[in-house]
Amino acid sequence: MTAVQPKPTPVGETFDSLSPATDEVVGTYPVHTADDVRAAVERARAGAGWWDGLGFAGRAERLQRWKGVLTRRLPQLCQAVRDETGKPVADAQLESVLAIEHIAWAAKHARKILGRHRRSPGLLMANQAATVEYRPLGVVGVIGPWNYPVYTPLGSITYALAAGNAVVFKPSEYTPGVGKWLVDAFAEIVPEQPVLQLITGFGETGAALVGAGVDKIAFTGSTGTGKKIMAAAAATLTPVVIEAGGKDALLVDTDADIEAAADATVWGAFSNSGQTCIGVERVYVHERVHDEFVAKVVEKSKNVRAGSDDEAQYGPITMPSQLAVIRRHIADALERGGRALVGGVDSVGDRYAQPTVLVDVPEDSEAVREETFGPTVTIAKVRDMDEAVEKANATKYGLGSTVFSRARGVELASRLRAGMTSVNAPLSFAGIASLPFGGVGDSGFGRIHGPEGLREFSRPKAVARQRFTAPITLTSFTRKESTDALVAKLITVLHGKR
Ligand code: NAD
């Protein structure tokens, strides 16, 4: 094994962002200190008030214009993503296009979902008019990962902005250039106030943001970091959204379109070098179609290759330290009786990892239980779909999942303990802006995207307005005994029948 690529390391008060394909320096960024971060959050307070004051229509108009800039400069944005992650431009385009769809959706729907709504006051309080509206929290700190440096942080940033918050954004130290590109584009549209600001640096800068007095932290990254952030945020009761890792399963039933299921497995497991939180890492296949499915996956995998040339389907491993994890998971699986039908330990080089398909891997091995975050997949035979569901659910994670079944797709989907499931296609939920995105267990909690994502970045404000004086007053020391007797009778009539 040759030496692994260097991690971006601090140089004085700056750090270099490196291309994972060539180690070339593609940009140099400040390591922001705790004081810098606090100052950014203070500036954001003023920005938040101004942004809130624009109202839904004013914000929507600016968000739509920001979306227009991203769309027109798509090639430039995709190049920035390729430079820092090494992924093919077409993949960078796919994640950017989905992010653009989300900006459009959030801008269009924020008023309807967050604006003032009437609620029924109920019979006892019939003299009241009840309303609820969703007010912005203030300043939201967004901490992002590197694997989808456009789609993932924008899932939080877009919805927080549409809900009326200012945002201070710390991108991953591996993709600060993409973060800066997005923030600069926003500043062109909203030059008046610091509504969306960038801070750059390593984990310490992210930790400083958690402690800087923000009103919420939206974190996307590994489960381990999510736990640290939640512990730190507890000191100030700062609420958090945690979008963490996954170990997503794909289920194949007897009546599935086997060709499509194999295609979804190969793409879901290997695209973006397997560095996808909702990537396919485990497959459970009904015994009656197992052999046919495995043969197709093996055949299709042979046409997939990592590299940095234009023909390669996916690029390098962005974070060098992950190579050792991928290698360890494969080695452990093979030592414990697993077989590699495609690839193996030697597929993991010092920069690229070629596809690996594993079978006969014990369910308690690391390759089945822990997030590999590389281009590997385990395939297991099950006697029926009950066993498939049971095994898919036997994980501490619960992010995405996929079911291939013509007759039972939705039924099996609802039995999976995961935040999201696609039926008969891979990862479709991620492209539907109206659907909430998030997980359970070690995959985190809270939701981005959809109405739930808008509400995640707001606080419900309940108002009860008295329309007329009630014939009987309940909330006064002048209340009479006869009133209490009447209330007791009324409640018995209303609720005492069963
Ligand atoms: P990471 O946890 O190493 O880093 C994520 C971010 O947290 C970075 O910006 C980092 O600088 C910052 N950070 C590190 N330590 C911190 C601390 N103590 N306090 C505050 N911030 C800190 O994760 P990563 O390697 O960048 O991303 C890969 C992980 O992200 C994978 O586990 C993947 O599954 C997950 N992910 C999840 C989703 C999702 O939506 N659930 C999406 C994409 C990626």
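A nonpolar core is a set of buried Ala, Val, Leu, Ile, Met, Phe, Trp, Tyr and Cys residues joined through side-chain atoms within 4.5 Å. In this predicted model, the largest such core has 61 residues, and Trp66 and Leu70 have the most contacts inside it.

## Nonpolar cores

Seven elements each supply at least two residues of the largest core: helix H2 (55-72), helix H3 (74-85), helix H4 (89-114), strand S6 (139-143), helix H5 (151-162), strand S7 (166-170) and helix H6 (176-189). The largest share, 10 residues, comes from H4. This core draws at least three residues from each of domain 1 (10-245 + 449-459) and domain 2 (248-396 + 400-432). A second, separate core has 27 residues, including Ile258, Phe270, Val283 and Ile379. In soluble globular proteins, nonpolar side chains tend to be buried together.

Which residues does leucine 70 contact, leaving aside its neighbours within four places in sequence? The partners of leucine 70 are Leu77, Ile100, Ile103, Leu154, Trp181, Leu182 and Ala185.

## Domains

The protein chain is divided into domain 1, which comprises 10-245 + 449-459, and domain 2, which comprises 248-396 + 400-432. Their C-alpha centres lie 30 Å apart. Across the boundary, 21 residues of domain 1 are in contact with 22 residues of domain 2.

## Ligand surroundings

The ligand is surrounded by 29 residues, of which the closest are Glu173, Ser222, Thr225, Ala244 and Glu371. Three polar approaches to the ligand are listed below.

| Residue | Protein atom | Ligand atom | Distance |
|---|---|---|---|
| Glutamate 173 | side-chain N or O | oxygen | 2.6 Å |
| Alanine 244 | backbone N or O | nitrogen | 2.8 Å |
| Glutamate 371 | polar side-chain atom | oxygen | 2.6 Å |

Glutamate 173 and glutamate 371 thus each approach an oxygen atom of the ligand through the side chain, whereas alanine 244 approaches a nitrogen atom of the ligand through its backbone.

## Cysteines

The count of disulfides comes to 0. Why does cysteine 78 form no bond with the closest cysteine sulfur? The sulfur of cysteine 78 is 19 Å from that of cysteine 277, which is too far for a bond, because a disulfide requires a pair of cysteine sulfur atoms within 2.5 Å. Cysteine 78 is buried at 1% relative accessibility, and cysteine 277 is also buried, with a relative accessible area of 17%.

## The loops on either side of strand S14

Aspartate 360 and valine 361 both occupy the loop between strand S14 (356-359) and helix H12 (366-369). Is valine 361 buried or exposed? Valine 361 has a relative accessible area of 12%, so it counts as buried, the limit being under 20%. Not counting residues up to four places away in sequence, valine 361 touches Ala333, Gly338, Ala367, Val368 and Thr378. The C-alpha atoms of valine 361 and alanine 333 are separated by 5.6 Å, although the two residues are 28 residues apart along the chain.

Aspartate 360 counts as partly exposed, at 45% relative accessibility. Its phi is near 55°, a positive value in a residue other than glycine.

Aspartate 346 is placed in the loop between strand S13 (339-342) and S14. With a relative accessible area of 78%, aspartate 346 is exposed. Its C-alpha atom is separated by 37 Å from that of lysine 180, a residue 166 residues away along the chain.

## Histidine 449

Histidine 449 is found in the loop between strand S18 (444-445) and helix H15 (450-456). Phi of histidine 449 is near 70°, a positive value in a residue other than glycine. Histidine 449 counts as buried, at 1% relative accessibility.

## Aspartate 257 before helix H9

Aspartate 257 lies in the loop between strand S11 (248-252) and helix H9 (258-270). Which backbone nitrogens does the side chain of aspartate 257 reach? That side chain reaches the backbone nitrogen of glutamate 259 at 3.2 Å and the backbone nitrogen of alanine 260 at 3.0 Å. Leaving aside its neighbours within four places in sequence, aspartate 257 is in contact with Phe404 and Arg406. Aspartate 257 is partly exposed, with a relative accessible area of 35%. The C-alpha atoms of aspartate 257 and glycine 398 are separated by 25 Å, with their positions 141 residues apart along the chain.

Conventions. Residues are numbered from 1 along each chain as its sequence is written. This is a predicted model: local features need pLDDT of at least 70, side-chain atom pairs count only at pLDDT 80 or more; totals for chains, interfaces and linings use all residues. Side-chain values use heavy atoms; hydrogens and water are left out. Buried means under 20% relative accessible area, exposed over 50%, partly exposed in between (1.4 Å probe, protein chains only). Helices (H or I, at least four residues) and strands (E, at least two) are DSSP runs, numbered from the N terminus. Domain bounds come from an automatic or database domain assignment. Contact means heavy atoms within 4.5 Å. A residue is near a molecule or strand if one of its heavy atoms lies within 4 Å of it. A polar contact is a pair of N or O atoms within 3.5 Å; within protein, one must be able to donate a hydrogen and the other to accept it, and residues adjacent in sequence count only if both atoms are side-chain atoms.
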